[in-house]
Amino acid sequence: MARHKHYQRMLPLQLYGELSQGEKKELKEHLSGCNECQKELDKIKQLHGLLARHPMPEPSEEMLRESRMHFQSALLGERLRAPVWDRMKEFLSLPSVYRPAIGVTAAVLLAVGFLGGRLVPGARETQRYARLMPSEGLHVTNVRYIGGEGDDVELAFDSVTPVRLRGRINSPEVQKVLARAVMNSDNAGVRLRAVGSLSANPEARIEPETKAALLLVLKTDRNDGVRKEALQVLLRSTADREVRDGLLYVVLNDSNPGLRIAAINGLASMQTSGYQPDEETLRALRQSLANEDNMYVRVKARSIIDEEKVQ
Amino acid sequence: MSADNDLILKARDGDMTAFSELLHRHDRNVLALAAQYVDNAEEAKDIFQEVLIRVYKGLPRFQFRSEFGTWVHRITVNVCLSHRRRVNKGIHVSLDQAGEENHAMQQLQSKEQGPDHAAIDADTAWHIHNALQTLSPRQRMVFTLRHYQGHSLKEIAGILRCTDGTVKRYLFTATQKMREQLEGIF
C-alpha cells in the first residue's frame with residue numbers, strides 16, 4: 001500500500017514534467033506491472049483533459065480597466081492619507097505664522113489640582129498644554145475623565161484652535177489647506193467653496209497634492225457641483241495620464257450627463273493639443289460608444305476615435 | 001528588466017506617470033492570478049487593488065534583489081492567501097449576492113463556444129469551481145500556479161517560501177481532491 005502511495009505521488013509530477021529521468025524510469029517500470037496505479041494515472045489524465053476543455057476564464061479588458069480605475073481612486077486616497085509623522089513634519093516645516101492655521105485637533109492631557117492648584121509632578125507636556133488653555137482660548141470638546149488620586153485628577157480632551165489663513169492661491173500652504181478641505185469636510189458647501197476658490201481664479205497653479213485631491217473628488221464626491229468644479233480646475237491643469245484617467249472615469253461612470261459632456265470635451269481638447277489617445281483610451285471610448293445614452297457624448301467619442309484613425 | 005528599474009527609481013522620486021507605466025507592465029498578471037484564484041470578478045478586483053496599494057507602499061523598500069515582476073507576483077500570492085482566509089472566516093453569500101456574483105462573473109471572459117454547448121459548459125464550469133473550493137488556500141494556490149499559470153515546482157516553492165517537497169505534497173493532495181470531486185463528469 002505504502003509502495004503504491006509512493007508511486008501515486010509521482011503521477012501528477014509525471015504529467016507536469018517534473019520528474020527526473022531516474023524517477024520517470026522507476027515509475028514506468030512500476031506502471032507496467034501495476035493496474036491500480038495505471039488506472040489512477042488514467043483518471044488524472046482525464047481530469048487534465050476536462051480542465052483543458054474548460055480553461056479558467058481570463059479577465060476581460062473592461063475588467064482590467066475598471067480595476068485600474070478603482071485602484072487609481074484608492075491610490076489617490078492613500079497619497080492624501082500621509083502618515084501622522086509626515087503631517088507633523090509638514091506642519092512644523094511651515095512658517096510659524098501658518099502653524100495655527102492647520103487647525104490642529106490634539107488630544108492633550110490636563111491635570112488639575114483642585115485644592116492646591118498643583119499640576120501632576122513631572123508631567124511637563126501636561127503643564128505646557130495646561131498653560132495654553134486660558135491664554136489661547138482653545139475650544140475644548142470630548143472631555144474624558146482618566147482617573148484621580150487624592151486631590152489630583154487627570155482629564156483628557158480634544159482642543160481645536162480656529163484660525164484664519166490669508167495667502168496667495170498659489171502658495172503651497174493655502175493649497176494644502178484647500179486640499180484637506182476638499183477631502184475631509186463633510187459639508188458639501190465647504191467642499192464646493194474650496195474647489196470654487198481654485199476654479200474662480202484662472203491664475204491658480206495646481207500643486208500635486210491639490211491635483212490628487214481634485215481627482216479623487218471628481219471620482220467619488222456625491223455632490224454634482226463639487227465634481228463639476230473639480231473637473232473645471234483639472235481641465236486647466238497640465239494634460240497627463242492622471243487627468244486623462246480621471247476624464248475617462250467620468251465619461252464611463254458619472255451619472256450626470258453634463259459632466260460626461262464636459263469630460264469628453266476635455267478629452268477632445270487634449271487630443272487637439274497633441275496628447276494623442278493611446279489604445280487604452282480608445283478602448284474606453286469604444287465602450288462609451290456602446291453604453292452611452294447621451295448622443296453628444298457618443299458623437300464626440302466617435303470623433304476622437306476617427307481622428308486617431310486618420311492620424 | 002532594467003527598464004523596470006528605471007521606472008522604479010523615477011516612481012520612488014514621486015513620478016506617478018512612471019509608477020503607472022510600471023504597474024501597467026505587470027498588473028494584468030496580478031488580475032489574472034487573482035481571478036483564477038478566487039474565480040469571482042469582484043473579489044479579484046479587491047485583491048488587485050490591495051496588491052497594488054501594497055506595491056505602492058512597499059516600493060521605497062524594494063531592494064532589487066529579485067525582479068520587480070517576481071516581487072509583485074509574491075505579493076499577489078500573499079494577498080490571495082490572506083484574502084481567502086478572510087473570506088473563510090465567516091462571510092456567507094446570500095442568494096442575492098450569488099446573483100450579483102453571477103453578474104460579476106460575466107466580466108471574466110471564457111473562450112467563445114457555440115450556443116448549444118453553453119448550458120453544459122456552464123454546468124461543468126460550476127462543478128470545477130466547486131471542486132476548487134474544496135481545496136485549502138495553499139493547495140488551491142499551488143494548483144493554480146502549477147496548472148493554470150505554468151510555474152515550475154521550484155518557482156512555486158520560491159514564491160511560497162517553502163520546500164519543493166511541501167509543494168509536491170500540496171499538488172498531490174489538490175490533484176487527488178479534484179479527481180475525486182470531478183470523477184463523475186469526466
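Me: Where in chain A does A:Asn142 sit?
Reply: This is a predicted model. A:Asn142 belongs to strand S3 of chain A, which covers residues 139-149.

Me: Is A:Asn142 buried or exposed?
Reply: The idea is to count C-beta atoms around the residue; 12 or fewer within 10 Å makes a residue exposed. A:Asn142 has 10 such neighbours, so A:Asn142 counts as exposed.

Me: Which residues does A:Asn142 touch, leaving aside those up to four places away in sequence?
Reply: A:Asn142 touches A:Phe157 and A:Asp158. As for A:Ser159, 17 residues from A:Asn142 along the chain, the two C-alpha atoms are 8.6 Å apart.

Me: How many helices and strands are there in chain A?
Reply: Chain A has 14 helices and four strands. Chain A has 311 residues, and 26% of them count as buried.

Me: What share of the contacts in chain A with a separation of 6 or more comes from residues 24 or more positions apart?
Reply: Such residues account for 58% of those contacts.

Me: How many residues of chain A are in contact with chain B?
Reply: On chain A there are 32, and they meet 40 residues of chain B. Elements that each supply at least two residues to this side of chain A include helix H1 (2-15), helix H3 (35-53) and helix H11 (241-253). The largest share, eleven residues, comes from H4(A).

Me: What classes of residue make up the side of chain A that touches chain B?
Reply: That side has 16 nonpolar, five polar and eleven charged residues.

Key. Residues are numbered from 1 along each chain as its sequence is written. Chains are lettered from A and ligands numbered from 1 in the order in which they are written. This is a predicted model: local features need pLDDT of at least 70, side-chain atom pairs count only at pLDDT 80 or more; totals for chains, interfaces and linings use all residues. A residue is buried if 20 or more other C-beta atoms lie within 10 Å of its own, exposed if 12 or fewer, and partly exposed in between; C-beta atoms are placed from the backbone. Two residues are in contact if their C-beta atoms, placed from the backbone, lie within 7 Å. Ala, Val, Leu, Ile, Met, Phe, Trp, Tyr, Cys and Pro count as nonpolar, Asp, Glu, Lys and Arg as charged, and the others, Gly among them, as polar.
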